[in-house]
Each structure stands twice: as C-alpha cells, then as structure tokens.
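Here are my notes to read alongside the model, set out as numbered points. I hope they help you find your way around.

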Amino acid sequence: MREVRIINAGVVTAAGPDLESTWKTLMKGYTAIRPLDRFPVEGYRAGIGAFIPALNPGGSSSIIRKLLDLLLDQVTPGVPESTLLITASTKAGIDNLEKIKKGQAAIPEDLLTASLGKQAANRLGIKRRPINISAACASSTVAVAQGASLIASGIEDSVLICCLDVLTEFVFSGFSALQVLSPFPCRPFDRERAGLSIGEGAAFILLMSAEKGKELGRPQLAVVAGSGLSNDARHITAPDRNGGGLIRAVKEALKSAGVEKEAVAGISAHGTGTVHNDLMELTAFRSVFGERCPPLYSGKGCLGHTFGAAGGIEIALGTKILAEQCLPPTVGLICPEQGAEGLVSSRSQNFRGQYLLTTNSGFGGINAAILLKRGQER
C-alpha cells in the first residue's frame, strides 16, 4: 500500500478565515459561539451559534456558494487536472429550501449536494466528474478515508476533499426540536454540559501519493497512516452507549496503519457536548487504550458543531497539532466528566509523538477514525 500524504489543507470557520487564524483562536481558548442574528431565535432552546459574519443571506443563491468561494480562494497552488474531487456535506444549500417555502427567489440547484462539486470543479479547472459523500457528521472524515484508500491502493494519485456546511434556521429548528441545543456555549466533556452548539465552516484536504507529491515538489503536512469506519446499527440519532461502533473504527484505523495503540500521542475527539455522545467516546477510548489513554480534546467549544465539515476541519487542525506537538484546550471545560479527568484540559497540553487519532460519529450510527502521522520528508 502506498503512503498517502496531506499536501495542503485549509479551513474557513467562525473562529477565523483560514487555518492559521483558527488555530490561534483555538489555542487562546476563545469561543466563536455568540448570539445569532441571522434569523429569529425566539421559541428555540438556544439563541447562539458559531456563524461566519461574511456569509450574509440575500439574493437567490445559497450562502454556501459564498462559503465555497472563500474556501477555494485558499486552494493554491492549483491542483492537477487529473485530481479526483470529493465534496462532503450533509445539507448543501438548505437555506434555499427556506426561501422556496417562503415564496422567495431561490436557485433550486443549490439544494443538491452535487452542485458543490460542480461549482468547485469549474472553479479549479478539474475535468473529472466529482462525487459527494454525505454520512451525517462523519461526512468529511469518511471522505478523507475514501480518498486515502484510493491513493493507497494505487487507483488515484491525487484526491481533493472539500467539505462544508452552513448554519440555517432549518437545521437550527430541527436540533432544537431534538432538545440537544445548549442554551450556553457548549462544554464538551464537562459534567455540566447541556448539549451542542451549531456552527458552520469549511475545509479542504489535498491528498497525494508520496510519489506524486515528490514529482510536483510539494512538501507534506502529515500522512494519513490509517482509517476505520463502522456503524452502530442501533439507533437513528443516538449513539451506542457502549461505544462498540467507535471501538471497532479506532481498532481498524490502528490495524490498517500497522501501529500499536501505545504509539498514539493524542486524540482529537468528536466531543459535541451532548450527554450521551461524550460519555460514549470516553467509554470507547478507555476501552481501546485502557489506563494509558492519551490526552484528548474537542474543538467544538470554540468552533461549534459544523456537521459534515467537522471532520475535515479537525483533520486540518490535526496537521497543526502534530507540527506544534501541542493539543489545544477544550474550550468551555470547567469540571471534567467522570472518566475524563486527566485526559481533557481547559489548557493546551504538550505531547511528544508521531501519531494523532481523530474521530467523528454521526446520525445513523456512523463512526469514522483517521490516524494521522507527523509529516517529514524522507
């Protein structure tokens, strides 16, 4: 199996317009979750979210078009024409459905996830037909796993993953109805957590084989050493409280990488701040790693839950974690949940190691794990 390298990565989040600014906000322990003014919030369980001010609703286009443009501005230098483009999104331009229901002018095509790939391919000059992966909140993690598998097996040399989701009233009202919105900025792994905070954002991950990267003279940020996917097959919205699915995904990621669990230096957890998700993750990580569980963090107290974009954003941040050898603080943490003591911190945590595990879980019981290795030229 060929080595799969992350050649380039970038993000657009409520915490910053690019990877560097988002990293700095996260490392300072700030939150980008604030009062919402994009739509009326009266009657909902919360009135806050992590939104990007530049995404101003208006006109017949979805705000996801603007978000995609902001993301693609960072995809430089250009990608090879032969690159396979994979987009990842759970909802695409769902705000246009709201416009249609209100009798407002709206471009229906924006509702289709396929429209994202078409727009990105045209902008980047990629001739091949793109594909979209929609796997709930693990969408972009699954997309990275799929792209890495295609390169490792020799089917592709270059794969670009673009993942994005936006904060709309349609989504906000749905999660309010599920009673999982926190009235205050979410506090992952905290004993007093009360639910998640919705966010929006985007990320791109450019993967190449080691051979292709060297041919183009592109340095590596990190290596996708292994991946694992699983399904709880238990409930449409709730996770398996025993963590069985996530355990299988993590073990498969380690096995595919040929890496022992002791080599993992840190974990970027899904960490939504809901009662059941956080407990499930702690159960799963303790089961896999035992008493020597590595330190972990969640970025959602800063960035909010960006749904289909979450995994891509967290993998992009993972390249910074490995380069800096520092795990960011879990923003909002005050009193760690039982089982999280000594693992999660409101301050940054230094570590020395080559491997970072990053995981995501989503509706439908999907679990995805990616094992990243620190980048270094050979």
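1. A residue is called buried here when its relative accessible area is under 20%, and exposed when that value is over 50%. By that cut-off Val75, with a relative accessible area of 6%, is buried. Please keep in mind that this is a predicted model.

2. Let us stay with Val75 for a moment. Val75 sits in the loop that links helix H2 (63-72) to strand E4 (84-88). Which residues does Val75 contact, once its neighbours within four places in sequence are left aside? They are Leu124, Leu160 and Phe204. As for distances, the C-alpha atom of Val75 is 19 Å from that of Arg129, and 54 residues separate the two along the chain.

3. Leu160 turns up again in the largest nonpolar core, which has 98 residues. Leu160 is among those with the most contacts inside this core, together with Ile6, Phe172, Ile198, Ile205, Leu207 and Val224. Helix H5 (residues 139-152) is the element that gives the most to this core, contributing eight residues. There is also a second, separate core of 27 residues, and Val259, Ala284, Phe289 and Leu343 are included in that one.

4. Ile6 deserves a closer look. Not counting residues up to four places away in sequence, Ile6 touches Ile205, Leu206 and Leu207, and also Gln220, Leu221, Ala222 and Val224. Its list of contacts is completed by Ile315, Thr319 and Leu372.

5. Now to the sheet. The model has an open sheet of 10 strands with mixed pairing, in the order E5-E4-E6-E7-E1-E8-E14-E13-E9-E10. Which strands are at the edges? They are strand E5 (131-133) and strand E10 (296-297), each of which pairs on one side only.

6. Strand E1 has a partner on either side in that order, E7 and E8. With strand E7 (residues 201-209), E1 runs antiparallel, and nine bridges join the two. Val11 stands opposite Ala203 in E7. On the E8 side, strand E1 (residues 4-13) and strand E8 (residues 222-231) are also antiparallel, paired over two bridges. There, Arg5 has Val223 as its bridge partner. Because 10 of the 10 residues of E1 are buried, this strand is largely enclosed by the rest of the structure.

7. Strand E9 (residues 264-268) is mostly covered too, with five of its five residues buried. E9 runs parallel to E13, and four bridges join them; Val264 has Tyr355 in E13 as its bridge partner. E9 also pairs with E10 in the parallel sense, over two bridges. In that pairing, Ser268 is matched with Tyr297 in E10.

8. What is the volume of the largest pocket? It is about 460 Å³. The pocket is lined by 27 residues, and Thr237, Pro239, Thr274, Asn277 and Phe363 lie nearest its centre. Helix H9 (275-289), strand E13 (355-362) and strand E14 (366-374) each supply at least two residues of the lining, and the largest share, four residues, comes from H9. By class, the lining holds 12 nonpolar, 14 polar and one charged residues.

9. Two backbone angles are worth checking on your side. Phe307, in the loop between helix H10 (300-303) and helix H11 (310-324), has a phi near 55 degrees, a positive value in a residue other than glycine. Gln325 also has a positive phi, near 55 degrees, and is likewise not a glycine. The place of Gln325 is the loop between H11 and strand E11 (326-327). Are these two residues buried or exposed? Phe307 is buried, with a relative accessible area of 4%, and Gln325 is buried at 14%.

10. Finally, a lysine in helix H11. Lys320 lies in that helix, and its relative accessibility is 14%, so it counts as buried. Leaving out residues up to four places away in sequence, Lys320 touches Leu19, Glu20, Trp23 and Gln325. Gln325 is thus the residue with the positive phi from the previous point.

Notes. Residues are numbered from 1 along each chain as its sequence is written. This is a predicted model: local features need pLDDT of at least 70, side-chain atom pairs count only at pLDDT 80 or more; totals for chains, interfaces and linings use all residues. Side-chain values use heavy atoms; hydrogens and water are left out. A nonpolar core is a set of buried Ala, Val, Leu, Ile, Met, Phe, Trp, Tyr and Cys residues joined through side-chain atoms within 4.5 Å. Buried means under 20% relative accessible area, exposed over 50%, partly exposed in between (1.4 Å probe, protein chains only). Contact means heavy atoms within 4.5 Å. On a 1 Å grid over the protein atoms alone, a cavity is a set of points where a 1.4 Å probe fits but cannot get out, and a pocket is an open set with protein on both sides within 12 Å along at least five of seven lines; lining residues have an atom within 4 Å of a point. Grid points are joined across faces, edges and corners, and a volume is the space filled by probe spheres set on the points. Ala, Val, Leu, Ile, Met, Phe, Trp, Tyr, Cys and Pro count as nonpolar, Asp, Glu, Lys and Arg as charged, and the others, Gly among them, as polar. Two strands pair if DSSP finds at least two bridges between them.
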